[in-house]
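Student: Please take a close look at the cavities inside this structure. What lines them, and which parts of the chain contribute?

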Amino acid sequence: MRTVKVYEESWPLHSPFVISRGSRSEARVVVVELEEEGIKASGECTPYPRYGESDASVIAQIMTIVPQLENGLSRQQLQSLLPPGAARNAVDSALWDLESRRLGVSLKEHLGVALPPDLTTAQTVVIGTPEQMAASAAALWEKGARLLKLKFDDRLISERLVAIRTAVPEATLIVDANESWHSEGLAARCQLLADLGVAMLEQPLPANNDAALENFIHPLPICADESCHARSSLKTLAGRYEMINIKLDKTGGLTEALALASEAQAQGFTLMLGCMLCTSRAIAAALPLASQARFADLDGPTWLAVDVEPALRFSTGQLHL
């Protein structure tokens, strides 16, 4: 019989993480620990208020299936007991970890996935004045980051972009609008991004208002984040997006994420692999998908003042595997 522990953790950030919905000073995660026949495993999730989640609601969801977990619940059975989201991710990740540890291999070895010794990850430039964002981008470039993810709201788009591109003329730039833009003026903004060599635009419109992207002609790829959670999302994305951002906290774990990646690519979408503010424990759970992604945005742990042990090894813009 398994033992199950469910608890929350708070991880302070070394500097505020600013997005269009506000500023955060800590990462709050929920952890599921399993122990079976002396083998210990764990999984982590980050509850996200945008999706109606909190630490309390996620823990409450997980507690409803603790009796089944204690009696040997499998990953396959889990998929029908909890919906896609953070709660299922923590449990699914713990079950994958348990499987791998039983076999005495890493998760990527368990899945037969080959990864490079050094994986390029986006480094995030948080929202600020044009001068602040340009200085941040330049500092990250000097430290070795080559892929920069620019967090935007609905203000000072051209001013920020021109300042950043001037500061880092050779960097690969992706822009995350975090659902803050509007259909009016979107074509002109997309053209501006393309003219400044931006490689991709992520979720410009609110997820409930992205029908405006239907057959919208645009000069750079647009990626669905909040509009794409699991395979059930794909039917509404064709003709609106060229790329999807897969996050385990949206799919409800690696089991669904692998299936989503396969089906999305079969339908012609390219992939981005993302994360929430999290520890290395959550990034390790997502790594089997990294080789399939056009862009990896896995810098969540780099915002922490201290990481879980054992921690993955990051340098600016790189994850060393």
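**The enclosed cavities**

Tutor: The largest cavity has a lining of 19 residues, and those nearest its centre are Phe17, Lys151, Lys247, Cys275 and Met276. Two elements, β1 (3-19) and β6 (147-151), each give two or more residues to the lining of this largest cavity. The space inside the largest cavity comes to about 220 Å³. Sorted by class, its lining holds nine charged residues, seven nonpolar ones and three polar ones. The model examined here is a predicted one. In general, empty space is found by rolling a probe the size of a water molecule over the atoms. In this model, the count is two cavities of 30 Å³ or more.

Next comes the other cavity. The second largest cavity has a volume of about 120 Å³. Its lining is made up of 16 residues, and Leu248, Asp249, Cys275, Met276 and Ala282 are the closest to its centre. The elements that supply two or more residues to this lining are α4 (86-103), α9 (248-251) and α11 (280-286). Of the elements, α11 gives the most, with four residues. By class, the lining of the second largest cavity divides into nine nonpolar, four polar and three charged residues.

Cys275 and Met276 are named for both cavities: they are among the residues nearest the centre of the largest cavity, and also among those closest to the centre of the second largest.

How values were computed
Residues numbered from 1 in each chain as written. Predicted model: local features only at pLDDT ≥ 70, side-chain atom pairs only at ≥ 80, totals over all residues. Heavy atoms only, no water. 1 Å grid on protein atoms, 1.4 Å probe; cavity = no way out; pocket = protein on both sides within 12 Å on 5 of 7 lines; lining within 4 Å. Points joined across faces, edges and corners; volume = space filled by probe spheres on them. Nonpolar A, V, L, I, M, F, W, Y, C, P; charged D, E, K, R; others polar.
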